[in-house]
Amino acid sequence: MNARALLLLGLWPFAAGAQGFAGLGADTEGYAVPQPGTAFAFPRDHGAHPDYRIEWWYVTANLSAEDGTPYGLQWTLFRSALAPGGAPDAQVWMAHAAVTTPDRHFVTERLARGGTGQAGVVADPFEAWIDEWRMAGPNLQAATLTAQGPDFGYDMQLTAQGPIVLQGDRGYSVKSEDGQASNYYSQPFFAIRGTLHLPEAEVEVSGTAWLDREWSSQPLADRQVGWDWFSLSFESGDKLMGFRLRADQGEPFTAATWIAADGTPTPFPNGAFAAEPGDRSEVADREVPTTWHVTLPDRGLDVTVQALNPQAWMATSVPYWEGPVAVTGSHDGVGYLEMTGY
Amino acid sequence: MTAPALLSVRDVRKSFPGPDGPIPVLRGADLDLGPGRTLALTGESGSGKSTLLHLIGGLDRPDAGSIRLGDIEVTTLDDRGRAALRRDAVGVVFQQFNLVPSLDVGANIAFQARLKGRRDPQWERELADRLGLAPQLRKYPEELSGGQQQRVAIARTLAARPRLVLADEPTGNLDEASAEAVLALMLDLVAETGASLLTVTHSERVAERMDGRVHLRGGRVA
Amino acid sequence: MIAAGLQALLSHWRRHLLQLFTLIAGLALATALWSGVQAINTEARASYAEAADTLGEGRLARLLPPEGGSITQDTWVALRRAGWLASPVVEGRLGPARLLGVDPLTAPGDLGSIGAASTGDLQAFLSENGALLAREEVLADLPGTGATPIASEDAAPGTVLTDIRTAQRLLGVQGFTSLILAPAQPRRQAPLAEVAPGLRLQEPAEETDVGALTDSFHLNLTAFGLLSFAVGLFIVHGAVGLAFEQRRATVRTLRAMGMPLAVLIGLMALELALLAVVAGGLGLLLGYLIAAALLPDVAGTLRGLYGAEVAGTLTFRPFWALSGMAIALAGTAVAAASAFHRLATMPILAGGQRRAGASWAARRARRQGIAGLSLLLAALAIGAWGGGLVGGFACLGCLMIGGALLLPLLLDRVLALGARLARRPLPQWIWADSRAELPGLSLALMALLLAMAANVGVSTMVSSFRQTFVAFLDQRLAPELYVGVSDPEQAERFLAILPDGVRVLPIASVERTLAGLPSEVQILRDDPTYRENWRFLSATADPWDRLAAGEGVLVNEQLARRAGLAVGDRLDVADGLALPILGIYGDYGNPVGQAILTERLFRATFPEVTPLSFGLRVPPGDVPALSERLVREAGLDPERVVNQANLKAISLGIFERTFTVTGALNVLTLAVAGFALLMSLLTLASIRLPQLAPVWALGTRRATLGQLELLRAVGLAALTALAALPLGLALAWVLLAVVNVEAFGWKLPMFLFPLDWLRLLALALVAAALAAAWPALRLARVPPSVLLKVFSDER
């Protein structure tokens, strides 16, 4: 096994398949723990929260070229603390960038340690960076987004078309029956436009992007082995965030937020949202469900979610599946799907 | 057998180790041989005739008994003494492999005389001539026929002028014609040197040419 | 039929246990020596590869700071943010080990040995106190650091791997030693000159320096291994030949009973293959033991000589075992080829008699001698007109085999002369008999010849190497004290406090391509030190004056040979600076070409290079006081004030280790040859009775015959030793003057060590006496009845 993967198993919550979760569950001592009713303050909370153990800035985008070809894009920066106390050099940063086309999937990864300036996040004026990758703007209303690898890259412009949305109970997102939770807000209303640099060509694209911000110290219960996470944008302008946390035994824990076109969120408790795996694809020597039956009866939602490219495997130090999806059924639209622990 | 004996063998016993204990080969053999006399030693296979010859020649030691050669008591000689006996007093002609393979015929003929330190080149030449070996002197034993090899052995033995010639089936490996010729030459030459001859043989024809005969049966003289 | 045939064939070995033992032991020893040497070589090479792979050294490009400087963290971050996937490295010494600090988050590749560590270990690795990852034996020798020790057998030998911060803390440094570049860089990067103008890009080396140098050592070992194997094959050849001869009767009977020749040959081949597998397995085991015993010394040699880190412990490598087994089988096949040929062409009713006799022996010796002489001529031709490393080895092979084939003829002539000159019958017989026995002994004697020639050759080479190197060290290490400073300011400070009477020799060089070859240009201050000590391989009349006047350059032998330069040729040293070559000097152990410029010209041509190392000529008694003062008053790092005497002692210590290894292999090879002799004598003893019995019957004591046997073995060994001397010296010459030049670009002068020869001669005689002692004793005690059987019909 790759050395870095071993190293990171202990640090990242979605490094499933190993007992990494158990270690995390027992180890919140010295870290801040999310509390319900905490009010977010912006732009301060766009920045890092080093008192918490883990945190991420997570951008996914559904794009299309002028000829209608659909694309997906991912830009993610993770922070993980090696030790409590918030010291800059106790932070490890990891970033993933990906571009998904109907038949190809480009992935690359960066790692850094805090305290050197190689990676970090500043709230105002907003900049999140690792090496030459950046998400930067004066603020989260308008920002640039760049990343590159040896064989691909992108330069994008993000413009917010709606408000920031608090997930769960005003930003307190419960992750298990035992009460594990995270601080969680999103900006699902980005318009995005820019250039994908692919080996064959430079492609001008535009579409919608979704930013997730989440920070916590013990995000999962120790029985939970992985999750399936959906961010869906319907043609009606409504959006849905829903996740399903799988336990090693018993029913999965689900939660969802219905986001109206004006940005009004409606959280749903465990059980309201359901996602059932359908057809599986063989990806990187394992079986991964790349078709899902997703329902939220309260909103009359009954859709099929289908991967644009079933081979959207993130072959990074800690591998997982992440890629753009198409939504058909009671509601049509696009979205992003993330699956860990397969 | 009234002349004073050159060789006198009395009550000689010899056993060889076998799988079930010692196997007695000689159980008290006696014989006498006068100077210049010839004697055939005959007997069944395994009767001990070759063993007796070896003991007389100092090639092996008896378990008991006495062997006198002239004034030498052979049985009391140590290894050094037996070697000197073989070198100086007796000459042995075996059935085969008499010769030193790495030396040529000439050197073989001279070998024992030289070991003895009494070389007589003229006598050697005569022996070679008489035995028909003159053309072969520079050849090596492997290049000779069996009969020629035995002639060389006889020449080698007589060149050293021993008092006693011991022959163990000297013509046993030869065809009848060669055997006859070799035997005749040997008897003539032994007579000329005045040596005594003891020949172990199972051949009636050979035994008849000797002055006397001793027959061994079961390790004793019959 | 096959089962019955096999049973008949195999029954031979039950009755000839000694022969079976000879065959198996010979093959096992041959395999052991060969595979032992190979195990050492493989292990050492694997060790370098592993050491190099820890950071992809040699494989990956690097960014290097200006000479004597380091890279700051800010420069590194600026590079990262400009799209350069560079990872920082800090290198230094921690106690006896090499400390390598890396950033596990940005280091390219798999980081070699970290892969095997557990999650908990890795957390410790990044923790504040850090962790040190190394082999157990390396960890045991480290000073206390407060860091968590992590034992990993996958770690590179002699290397301690740690986090970059831990390394900086332990070494007390701020910046980085170098930055390694990931092989796959992103699509867009800012130009290096804009982001970090002070750094140099070093492209991955085709072959590391360590590789080129250690090859020299391995070449020697390989040559030795090959010769040892050849010695072993002679034994096997003898044993197989004998077994086939003695089974002629069996073969005749089997064929007369209707067994096809092809089946018979197949059965015998199968039988031999089985024996070879058994012997090869034993040999591998033995070879492994030999290698395990010698490896610590080899590791020490390589570490000291070339700075290459080799683990002192052996790991089992399947490829090594397979190749060892393959060579055992191939060796058996080669050794048995002639026996099979005879078997295949033999008429059914051929007799079982052994051919013997002096005339046949002489004819055979003549045939072999002619073949040997042609091979020697071929060796001469290849040596004179052939080229390349392959040519060198071909020359070596022809020389050794030719020499071996010529030996029987040589001995035959000497023995014939002896026989002619002998006056007394027994000496005459012993000369003649020895001559007749030569065919039976010649294989063993050839083995002895090869073993001794290899001994003489390799010892001469190693000793010449040592002598040359020691003299070279004396030339080169003339300054009493060596001093390194970290920056020009410190250099000025230290130069200012030097007392009168101390002469300073600045040391600096720049990497340049000279005559199209990677080379360096060195600075040289005009000083009596050089004029007095340096010896040129060739030079103009007054090289030093002309060099000081800036009228020319000096070049090392490597550059001269590789570029085909001679004294008087012009060399482009820098842009617009072409100078004639004034002299060529020996520069042993340096893989690259070198040119020397006088100080004034060097400083004018390369103004950017400031010397940061210095040799100091100090009155010998003042050395300790001065070194102390330099550390105290000029603030020099005590590690970088080196006493020349210590340096020399270290260098010489290294050679002693080389000698241990060579010495051990010498003794082993000789032991194999001695064993071959013993086995030949033992086998001969039983079939030689027809030669001895008549002499015994005619009045020679068995004890005398035994003594003569002993004398004969020692005499033949002595004659062989005499023949081995010129052959060994020829071997040494080929190694030094042909193979070495082709492989490394420098020629080593050959020195002769007659005392070593005497020691070797004594050793060979002792080996022969030991080998002959038992057969002689057996002969002295053979019962008369056994001798008498020769003459009777019972045989």
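**Cores and strands in a three-chain model**

Biologist: Leaving aside its neighbours within four places in sequence, which residues is C:Leu731 in contact with?

Modeller: This is a predicted model, in which local features need pLDDT of at least 70 and side-chain atom pairs count only at pLDDT 80 or more, while totals for chains, interfaces and linings use all residues. Residues are numbered from 1 along each chain as its sequence is written, and chains are lettered from A and ligands numbered from 1 in the order in which they are written. Two residues are in contact if their C-beta atoms, placed from the backbone, lie within 7 Å. Beyond four places in sequence, the partners of C:Leu731 are C:Leu396, C:Leu399, C:Met400, C:Ala453, C:Ala454 and C:Gly457.

Biologist: Which helix gives the most residues to the largest nonpolar core?

Modeller: A nonpolar core is a set of buried Ala, Val, Leu, Ile, Met, Phe, Trp, Tyr and Cys residues joined through C-beta atoms within 7 Å, where buried means that 20 or more other C-beta atoms lie within 10 Å of a residue's own, exposed that 12 or fewer do, and partly exposed in between, with C-beta atoms placed from the backbone. In the largest core, of 196 residues, C:Leu448, C:Leu449 and C:Leu731 touch the most other members. Helices (H or I, at least four residues) and strands (E, at least two) are DSSP runs, numbered from the N terminus. With 24 residues, the element that gives the most to this core is helix 14 (residues 425-476) of chain C.

Biologist: Is strand 17 of chain C mostly covered or mostly uncovered?

Modeller: On one side of this strand C:Gly593, C:Ala595 and C:Leu597 are buried, and on the other so are C:Gln594, C:Ile596 and C:Thr598. With six of its six residues buried, strand 17 (residues 593-598) of chain C is mostly covered.

Biologist: Which residue of strand 14 of chain C stands opposite C:Ala595?

Modeller: Two strands pair if DSSP finds at least two bridges between them. Strand 12 (residues 517-524) of chain C runs parallel to strand 17 and is joined to it by six bridges, with C:Val521 opposite C:Ala595. Strand 14 (residues 553-556) of chain C runs antiparallel to strand 17, with two bridges, and here the residue opposite C:Ala595 is C:Val555.

Biologist: Which strands do the buried residues of helix 6 of chain C pack against?

Modeller: Helix 6 (residues 164-171) of chain C has as its buried residues C:Ile164, C:Thr166, C:Ala167, C:Gln168 and C:Leu170. They pack against strand 2 (86-94), strand 3 (97-102) and strand 6 (159-163) of chain C.
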